[in-house]
Number of protein chains: 2
Amino acid sequence: MSKKQLILETAAQLFATKGIDATSVQQITDACGISKGAFYLSFKSKDELIISIIDYFVKDVATRIDQSVNEGKSPEQKLYNYYYQIFSIIQEHITLASVFFKEHTQFLSEELIQKMALYDTMMNKLIENLLLELYPQSAQHIYDLAIIIKGFISGYSEHMFQKANAYPYDLQALSKSLVEKTTIIATHAKTPFITKEMITLHSTEEALITLENILQEANILHSYLDDGLLQDSVTIITEQLQSSQPRAAIMHGMLANLQTNPVCNWFCYLVKKHIEN
Amino acid sequence: MSKKQLILETAAQLFATKGIDATSVQQITDACGISKGAFYLSFKSKDELIISIIDYFVKDVATRIDQSVNEGKSPEQKLYNYYYQIFSIIQEHITLASVFFKEHTQFLSEELIQKMALYDTMMNKLIENLLLELYPQSAQHIYDLAIIIKGFISGYSEHMFQKANAYPYDLQALSKSLVEKTTIIATHAKTPFITKEMITLHSTEEALITLENILQEANILHSYLDDGLLQDSVTIITEQLQSSQPRAAIMHGMLANLQTNPVCNWFCYLVKKHIEN
DNA sequence: TTGACAACTGACTGATTAGTCATTAGTATA
DNA sequence: TATACTAATGACTAATCAGTCAGTTGTCAA
């Protein structure tokens, strides 16, 4: 393997595990067993390396997909090959792809990752309950449907990103069209792909609505407020929640106070859900 | 607005336009009209700020979606509200979202962006031709179908990322299942969303297969090779392409030489397409 | 063996940036 | 007005890192 290719592939590996900005040229050359100077004989700059890596993998992907599709005997088999080849490539480059397609993961703290997982679970539950309600006869499809719905959103939102300046999207028409498509799939699909074993055990939504978490959220909210009245309202809510007999009228009033400021929405939402239970 | 909230929202704006790493604390405080010290009275570190921003927006999104779904009178309307609310949020935070969901855009050179657009066009054309072949009766749906296919891929691949360690995916079953779902939508969908005016004019695939571009690719490939025989093969191909009468036997032999090394795939692919025309 | 040339090295430079802290400005109270 | 306290400042430090270049090593032809 040429030195240039060695650097490129080693760097791709490091970028995939540590992130791009967190990987210094020194670390790349160390991993290659060469000096820093040698690096600059192959690439003019770190930027050029990054661009080369992207270019390198995009070419590989494009070639393989095109070839694979052309090998299909029938149109249907071509479509099959297209899907199959793309997922094979993703599986092969899974770590690298995850960095280039969602670079942000690197600096998420362990705590935030857990929190995000909770939010995600919450949203999944929401959509799954909705699907069960809508298509009770397609219960075995709801995990596939949930993924497909997310896929719809991702596909059309990426299209929105690209056209951000051109046309204002007619969101009502889009939403209507996606409801139609969701229903079509729910009523006609035969073979679900996601099986029960493949589903992560859901961490319960309740983890978000513990007294402990609400008190923590109260602290966070407090630090965002500068209005003394609102700050006191938050404090009073925490006092009431911790007392043996929270008084409904006080809670109601305090929530009314907070509802004037959108920053408080999340906190109010949690408190209300907590009261309901 | 409290100082903390001011910093958070200003920083979110700056991150959205310049990227996270490229935005220094100094720039944030300048934009807020406060000193650097004041920043550290509100946030312990830049990392805490980043985490707070994510947390802040995730909470906002989760609250709004949940509320909006609950307002739906029927299950179907709830699904509609779900789609509608998500797209509204995306449209509202479009720049911020694009940074957090695909941070890499910041360091892409203008040249590479154009190249990527070409690759993208190439892949779109591939899938659009395929769809026309498969569903000639659904011609007015192919742009929606192309987006949906990308959405399927994005949805299931994200699921793969999460389960990377758990189960090896059965890619054949997945591909089969997606062919089925694609066909279901193609045959049953009534109202396309993407209209003709919304489609960007395609830059032609030919831009990739010009002699000029192939010569440039020859240079790139050359720099990745250390085997003299392969390097010479590349050189000979460029000579032949520039001569008035390229000799088929030579081209064929040189391509055979190169085909032994996967690094040459893309170059071979371009040269073959060029010869075909 | 010598000389010429290319490949390679790693200490060094200059620029940038996160985070600190001694000092100052502002404000409320007595 | 004097005092006490908090909020805010910005020059400074320490660390990192991309990129350079004077010098070294390896190679091959004469």
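Which residue has a polar backbone atom 2.7 Å from a phosphate oxygen of DNA strand D? Select S35(B) and zoom in: the phosphate oxygen of DNA strand D sits 2.7 Å from a polar backbone atom of this residue. Keep in mind on this tour that you are looking at a predicted model.

**Stop 1: around DNA strand D**

Widen the selection to the protein residues around DNA strand D. From chain A, pick S24(A), V25(A), K36(A), Y40(A), S45(A) and K46(A). From chain B, add K3(B), I34(B), S35(B), G37(B), A38(B) and L41(B). Colour this set by class and you will find five nonpolar, four polar and three charged residues.

Now show the strand itself as sticks. Of the atoms of DNA strand D that come within 4 Å of the protein, sugar and phosphate account for 54%.

Two residues of chain A are worth a close look here. Start with K36(A), where a polar side-chain atom lies 2.8 Å from a base oxygen of DNA strand D. Then move to K46(A): here a backbone N or O atom lies 2.8 Å from a phosphate oxygen of the strand. So that you can see both kinds of partner, keep the bases and the backbone of the strand visible.Switch to the ribbon view and highlight residues 36-42 in both chains. This is helix α3, and α3 of chain A and α3 of chain B each supply at least two residues of the surface near DNA strand D. The largest share, three residues, comes from α3(B).

**Stop 2: around DNA strand C**

Next, centre on DNA strand C. How many residues lie around DNA strand C? There are 13, and K3(A), S35(A), V25(B), K36(B) and K46(B) come nearest. Sugar and phosphate make up 50% of the atoms of DNA strand C that come within 4 Å of the protein. By class, the surface near this strand has five nonpolar, four polar and four charged residues.

Three contacts make good places to pause:

- K3(A): an N or O atom in its side chain is 2.9 Å from a phosphate oxygen of DNA strand C.
- K36(B): a polar side-chain atom lies 2.8 Å from a base oxygen of DNA strand C.
- Y40(B): an N or O atom in its side chain is 3.2 Å from a phosphate oxygen of DNA strand C.

Bring back the ribbon for helix α3. Near DNA strand C, α3 of chain A and α3 of chain B again each supply at least two residues of the surface. Here α3(A) gives the most, with four residues.

**Stop 3: the rotation axis**

Hide the DNA and show the two protein chains in separate colours. A rotation of 180 degrees, with 0.0 Å of shift along its axis, superposes chain B on chain A with an RMSD of 0.1 Å. The two copies are therefore related as by a two-fold rotation axis. To find the axis on screen, select G151(B): its C-alpha, at 2.0 Å, comes closest to the axis of the residues of chain B. The same surface serves both copies, since 100% of the contact residues of chain B recur in chain A.

**Stop 4: between the chains**

Select the residues where the chains touch. You should have 114 residues of chain B in contact with 114 residues of chain A. The area buried between them is about 11100 Å², and carbon and sulfur atoms give 71% of it.

For the polar side of this interface, turn on the contacts. Between chain B and chain A there are 23 residue pairs in polar contact, with both residues at pLDDT 80 or more. Helix α8 of chain B, residues 142-162, gives the most to the side that touches chain A, with 16 residues. That side of chain B divides into 66 nonpolar, 24 polar and 24 charged residues.

**Stop 5: salt bridges**

Side chains of opposite charge can pair when their charged atoms come close. The count is six salt bridges between chain B and chain A, and 13 over all chains.

Try two of the pairs. First, show K59(A) and E217(B), whose side chains meet in a salt bridge at 2.5 Å, N to O. Then show K181(B) and D144(A), where the closest N and O atoms of the salt bridge are 4.0 Å apart. K181(B) lies in helix α9 (residues 171-188) of chain B and D144(A) in helix α8 (residues 142-162) of chain A, so this pair joins two chains.

Key. Residues are numbered from 1 along each chain as its sequence is written. Chains are lettered from A and ligands numbered from 1 in the order in which they are written. This is a predicted model: local features need pLDDT of at least 70, side-chain atom pairs count only at pLDDT 80 or more; totals for chains, interfaces and linings use all residues. Side-chain values use heavy atoms; hydrogens and water are left out. Copies are superposed by least squares on the C-alpha atoms of residues with pLDDT of at least 70 in both. Contact means heavy atoms within 4.5 Å. A residue is near a molecule or strand if one of its heavy atoms lies within 4 Å of it. A polar contact is a pair of N or O atoms within 3.5 Å; within protein, one must be able to donate a hydrogen and the other to accept it, and residues adjacent in sequence count only if both atoms are side-chain atoms. Ala, Val, Leu, Ile, Met, Phe, Trp, Tyr, Cys and Pro count as nonpolar, Asp, Glu, Lys and Arg as charged, and the others, Gly among them, as polar. Buried area is the accessible area (1.4 Å probe) that two parts lose on being put together, summed over both.
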